[in-house]
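Hi,

Here is the structure I said I would pass on. Have a look at it first, and my notes follow below.

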Amino acid sequence: FLEEGISSHVIMKGYRKAVNLAVAKIKEIAVDISNEKNGRELLERCARTAMSSKLIHNNADFFIKMCVDAVLSLDQEDLDDKLIGIKKIPGGGMEESIFVNGVAFQKTFSYAGFEQQPKRFSDPKILSLNVELELKAEKDNAEVRVEHVEDYQAIVDAEWQIILDKLNQIEETGANIVLSKLPIGDLATQYFADRNIFCAGRVSGEDMDRVIKAVGGSIQSTTTDIKPEHLGTCALFEEVQIGSERYNLFQGCPEAKTCTLLLRGGAEQVIAEVERSLHDAIMIVKRAVQNKLVVAGGGAIEMEISKYLRDYSKTIAGKQQLIINAFAKALEVIPRQLCENAGFDATEVLNKLRMAHSKGEKWFGVDFETENIGDNFSKFVWEPALVKINALGSATEAANLILSVDETIKNQES
């Protein structure tokens with residue numbers, strides 16, 4: 001158009017008009033799925049579509065339930081997918097993967113005395129610390145001058161007394177499970193074992209944060225003045241053997257806005273592929289929960305907007321007619337590219353799509369299973385309407401920005 005002498009301002013005006021019409025059309029035909037009675041079934045269909053081309057396609061029935069459970073267990077307000085923990089355990093089959101409605105993490109490094117601790121609690125009190133429970137020698141090259149043997153013994157006794165005081169304060173809180181980001185030494189481990197308290201030191205920061213969100217309470221950086229509200233709880237805590245590893249499971253958490261997926265598989269590469277596939281499916285389900293307005297994918301919505309803009313362009317006179325018509329033609333790139341990706345004859349499929357849409361079949365798009373066209377909405381090939389609106393808006397803005405550049409200056413090479 002520029003070469004034919006049409007001003008860039010006229011083209012930009014036409015593009016803006018076209019994108020406003022396109023967005024209005026999307027909002028008009030988008031389907032609201034928020035008040036559907038079988039909302040869970042719809043989410044499962046979305047997850048199934050996401051898994052259709054993945055390695056876990058054959059085990060889709062098993063993993064779909066896991067994906068939807070994972071998203072629904074999150075806080076429905078902010079849906080933070082970082083709170084879905086994924087742990088990979090080599091060995092076993094894919095179907096041995098476990099969904100934990102709470103937190104699970106691998107057993108931490110432990111000292112002698114650990115095996116004497118109880119490994120299962122119902123309704124325990126859980127204390128989370130950021131305190132080191134070890135006998136520590138003075139650091140920073142501290143120098144202590146003693147003149148009598150008794151003085152030396154007093155210093156040793158003081159070191160012991162400091163840690164024993166900490167352990168007594170922890171016991172007095174009534175906690176059954178003690179978790180700490182820092183090491184819990186052999187003395188503390190044996191002390192807790194004698195009092196039927198479970199302990200785990202060197203818990204990673206990420207796991208500790210998820211434990212806090214699940215069981216409640218808060219991380220304490222000192223053992224003094226710990227109140228009951230600082231402790232968390234859950235329905236069941238147990239340590240179980242999964243494959244060659246031992247895992248600590250916190251289940252039935254009252255604050256549970258987090259969950260953990262324990263993935264199994266024959267090789268690490270298989271588990272990594274399962275993790276990627278699940279991540280894709282989880283993000284799709286999350287989007288479907290957040291955005292209740294959906295449109296059909298597979299090029300269906302683009303063809304419908306293209307037809308709508310073509311029809312509209314015939315009702316107006318002037319240069320805008322050409323520009324809106326060109327905008328409509330550009331939208332056909334999406335179904336054309338889909339056909340090329342799948343190895344179909346793009347020209348033939350596009351002609352069929354144009355005919356279908358002209359007859360009012362607004363959800364018809366490219367169907368990869370039958371190598372033809374079909375109603376993608378009934379086949380649950382859905383996309384959030386928000387994604388389409390954003391894509392059209394940003395693409396048009398980018399085109400207008402380029403058109404608004406009058407000339408460019410090239411800096412000569414020095």
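**What I found**

Cys339 is buried, with a relative accessible area of 0%. Keep in mind that this is a predicted model.

Cys67 is buried too, at a relative accessible area of 1%. So is Cys67 in a disulfide? Its closest cysteine sulfur belongs to Cys259, and at 9.9 Å that is too far for a bond. A disulfide needs two cysteine sulfurs within 2.5 Å, and by that rule the count comes to 0.

Now for the sheet. There is an open one with 3 strands in the order 2-13-3, and its pairing is mixed. Strand 2 (84-90) and strand 3 (98-100) sit at the edges with a single partner strand each, so each has one side without a neighbour in the sheet. On average, neighbouring strands here are turned by 15 degrees against each other, if you ignore direction.

If you want to check the pairing yourself, strand 2 and strand 13 (residues 259-265) are a good place to begin: they run in the parallel sense and share 7 bridges. One residue to click on is Ile89, whose bridge partner in strand 13 is Arg264.

Then there is the helix that goes with this sheet. Helix 3 (residues 60-72) lies across strand 2, strand 3 and strand 13. Relative to strand 3, helix 3 runs at about 15 degrees.

Cheers

Conventions. Residues are numbered from 1 along each chain as its sequence is written. This is a predicted model: local features need pLDDT of at least 70, side-chain atom pairs count only at pLDDT 80 or more; totals for chains, interfaces and linings use all residues. Side-chain values use heavy atoms; hydrogens and water are left out. Two strands pair if DSSP finds at least two bridges between them. Helices (H or I, at least four residues) and strands (E, at least two) are DSSP runs, numbered from the N terminus. Axes are lines fitted to C-alpha atoms, for helices over the stretch in contact, and angles run from 0 to 180 degrees between N-to-C directions. Contact means heavy atoms within 4.5 Å. Buried means under 20% relative accessible area, exposed over 50%, partly exposed in between (1.4 Å probe, protein chains only).
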